[in-house]
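Thanks for coming, everyone. I'll take you through one structure today, and I'll keep it brisk. Please have a look before I start talking.

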Amino acid sequence: MADFFKKGDTGWFQKDRFGMFIHWGIYALPARQAWIRYKDRIKIEDYKKYFDHFYPDLYDPKEWARTAKKAGMKYLVITTKHHDGFCLWDSKYTDYKATNTPYGKDVLKPMIEAFRNEGLRVGFYYSLIDWHHHEFPIDALHPQRDDKAFRKQEKHRDITKYAEYMRNQVRELLTDFGKIDIVWFDFSYPIENGKGRDDWESEKLYKLVRELQPEIIINDRLDLPGSADITTPEQYIPSEGLMDDNGNPIVWEGCQTFSGTWGYNRDEESWKSVQMLIEMLINHVSRDGNLLLNVGPTGRGEFDYRAIHCLKGIGEWMKGHSRAIYGCKNPPAEFKAPQDCRYTWNPETKRLFLHIFAWPFRTIHLEGLDGRVKYAQLLNDGSEIKFSTSENTVNSGMSEKSKDCAVTLTLPVKKPNVDVPVVELFID
Ligand code: GLC
């Protein structure tokens with residue numbers, strides 16, 4: 001089986017580290033997240049009003065792309081179709097698409113053009129689940145799962161026809177929009193009354209994708225063991241990164257939200273702070289992962305003002321600190337980060353970045369680094385950070401003694417004026 005699955009190109013992906021996820025569709029109108037149909041058990045006919053009122057007149061994809069770029073993001077993953085089945089592009093295979101709403105235009109094409117023009121790569125999220133398609137069998141996650149009459153009436157639904165619809169759409173998406181860097185299928189749930197590889201015909205889907213876009217990165221939600229280029233933990237950060245059974249590192253990308261849900265959610269108040277989000281990005285990279293951070297634009301076609309605020313804050317930090325993110329990974333095992341700190345490591349430049357989450361008073365000991373550090377500086381302003389080792393400090397009791405084998409940094413008393421200060425260590 002291993003030969004069957006050819007690997008996509010993850011080289012750029014592991015260097016770029018930071019992407020923007022966008023969940024956008026007609027669920028922006030009820031403004032209570034993308035799972036609204038499921039959650040409120042909304043019937044297909046009652047959901048239609050959102051299709052009939054989709055009119056994102058303020059939609060300016062160039063502005064979206066500029067915002068993503070300024071935040072330091074390097075790639076986009078956009079929901080071409082989410083679980084509700086609504087398509088952002090002018091698909092030949094359905095009427096349930098942006099071009100048939102009052103807005104009347106394809107929203108996908110201008111988006112990917114805009115992001116590419118800002119130098120970002122483009123990935124397509126495509127929902128395997130489809131609560132609108134007439135051949136998608138009602139299952140445990142369907143909005144009308146409890147509607148006995150509806151289930152009975154829809155018993156004839158034929159998943160093989162739906163699987164073919166998916167292949168047609170995927171072919172369209174991977175043919176008409178130029179080079180696509182990621183395909184992000186979502187998701188399998190091979191539970192009782194669920195769906196998995198046999199339903200999706202995952203193998204055929206996989207083959208088709210590889211054939212059309214040989215280098216594309218394919219995620220891990222097809223329920224097809226051995227096929228994934230990336231693993232996608234969702235709304236948590238694996239505490240030690242991810243390894244396969246033989247202890248080899250797995251390429252992974254955590255997908256995260258600002259406030260807990262994916263689509264625009266007007267009343268959700270659980271927004272993370274800028275500081276938390278920056279720490280989140282660092283936590284991903286320091287464990288050898290990528291961060292895919294999600295925005296849920298509004299029904300008028302704008303980013304949520306709270307998302308704009310957070311992205312701006314991240315961007316300010318990235319301006320001074322992106323070299324501690326791009327091209328970086330987890331450090332070699334012998335570098336153990338001190339308490340309240342994380343390391344990221346650039347193996348090419350041999351720079352070790354010490355991210356300090358809680359600012360200590362004056363000193364910090366870096367174990368295992370004795371004799372390895374050539375120079376140290378704060379990244380935010382390039383100011384030198386002096387350091388000593390146990391050999392060259394005199395233990396008079398009046399100043400802190402360095403620990404054995406450690407390097408002791410002397411930090412300014414005041415925390416630098418950035419959310420997460422970083423010391424750049426030039427390693428021998
Ligand atoms: C989950 C959700 C889906 C969301 C995805 C993003 O699988 O079902 O709504 O798009 O996560 O990771």
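Which residues of β1 are buried on one side, and which on the other? On one side they are F18, M20 and I22. On the other side they are G19 and F21. Both faces of β1 are covered. Put as a count, 5 of the 5 residues in this strand, 18-22, are buried. One caution before we go on: this is a predicted model.

Let's stay with β1 and look at its partners. On one hand there is β7, residues 289-295, joined to β1 by 5 bridges. Those two strands run parallel. Find F21, and you will see N294 of β7 standing opposite. Then there is β2, residues 75-81. β1 and β2 also pair in the parallel sense, over 4 bridges. Here M20 has L76 as its bridge partner. As a reminder, strands of a sheet pair through backbone hydrogen bonds, either parallel or antiparallel.

Now the whole sheet. It is open, it has 7 strands, and the pairing is parallel. Read the order as β5-β4-β3-β2-β1-β7-β6. Where are the edges? They are β5, residues 217-218, and β6, residues 252-257. Each of these two pairs on one side only. Further along the order, β3 (121-127) and β4 (182-186) run parallel and are joined by 5 bridges. In that pair, G123 stands opposite I182.

Step back to the full chain. It has 11 helices and 14 strands. The radius of gyration is 24 Å, and the globule rule gives 22 Å for 428 residues; these are close, so the chain is as compact as a globular protein of that length. Along the principal axes, the C-alpha trace spans about 85 × 50 × 40 Å. Buried residues make up 43% of the chain. What about contacts? Take those between residues at least 6 apart in sequence: 71% of them join residues at least 24 apart.

Next, the domains. The assignment gives two entries: domain 1 covers 2-324, and domain 2 covers 341-427. Their C-alpha centres lie 40 Å apart. How many residues of each are in contact with the other? The count is 12 residues of domain 1 with 12 residues of domain 2. On the domain 1 side, α10 (274-286) and α11 (305-321) each supply at least two residues. α10 gives the most, with 8 residues. By class, that side of domain 1 has 6 nonpolar, 5 polar and 1 charged residues.

On to the ligand. Which residues are around it? They are H23, A34, W35, D186, F187, E234, C255 and W262. By class, this shell has 5 nonpolar, 1 polar and 2 charged residues.

Two of those names come back now. The peptide bond from D186 to F187 is cis, with omega near -20°. F187 itself is in the loop between β4 and α8, where α8 is 197-200. For background, most residues other than glycine have a negative phi, and most peptide bonds are trans.

That brings me to phi. R41 is not a glycine, yet its phi is positive, about 50°. Look for R41 in the loop between α2 (36-39) and α3 (44-52). R41 is partly exposed, with 13 other C-beta atoms within 10 Å. D340 also has a positive phi, about 65°, and is not a glycine either. This residue is in the loop between α11 and β8, the strand at 341-346. Is D340 buried or exposed? D340 counts as exposed, because it has 12 C-beta neighbours inside 10 Å, and the cut-off for exposed is 12 or fewer.

One last stop: D9. You will find D9 in the segment before α1, which is 11-16. D9 is exposed, with 12 other C-beta atoms within 10 Å. What does D9 touch, leaving out residues up to four places away in sequence? D9 touches E215 and I217. The C-alpha atoms of D9 and I218 are separated by 9.6 Å, while the two residues are 209 apart along the chain.

That's the tour. Questions, please.

How values were computed. Residues numbered from 1 in each chain as written. Predicted model: local features only at pLDDT ≥ 70, side-chain atom pairs only at ≥ 80, totals over all residues. Near = placed C-beta within 6 Å. Nonpolar A, V, L, I, M, F, W, Y, C, P; charged D, E, K, R; others polar. Rg over C-alpha atoms; globule rule 2.2 N^0.38 Å. Buried ≥ 20, exposed ≤ 12 C-beta atoms within 10 Å, placed from the backbone. Contact = placed C-beta atoms within 7 Å. Domains from an automatic or database assignment. Pairing = 2+ DSSP bridges.
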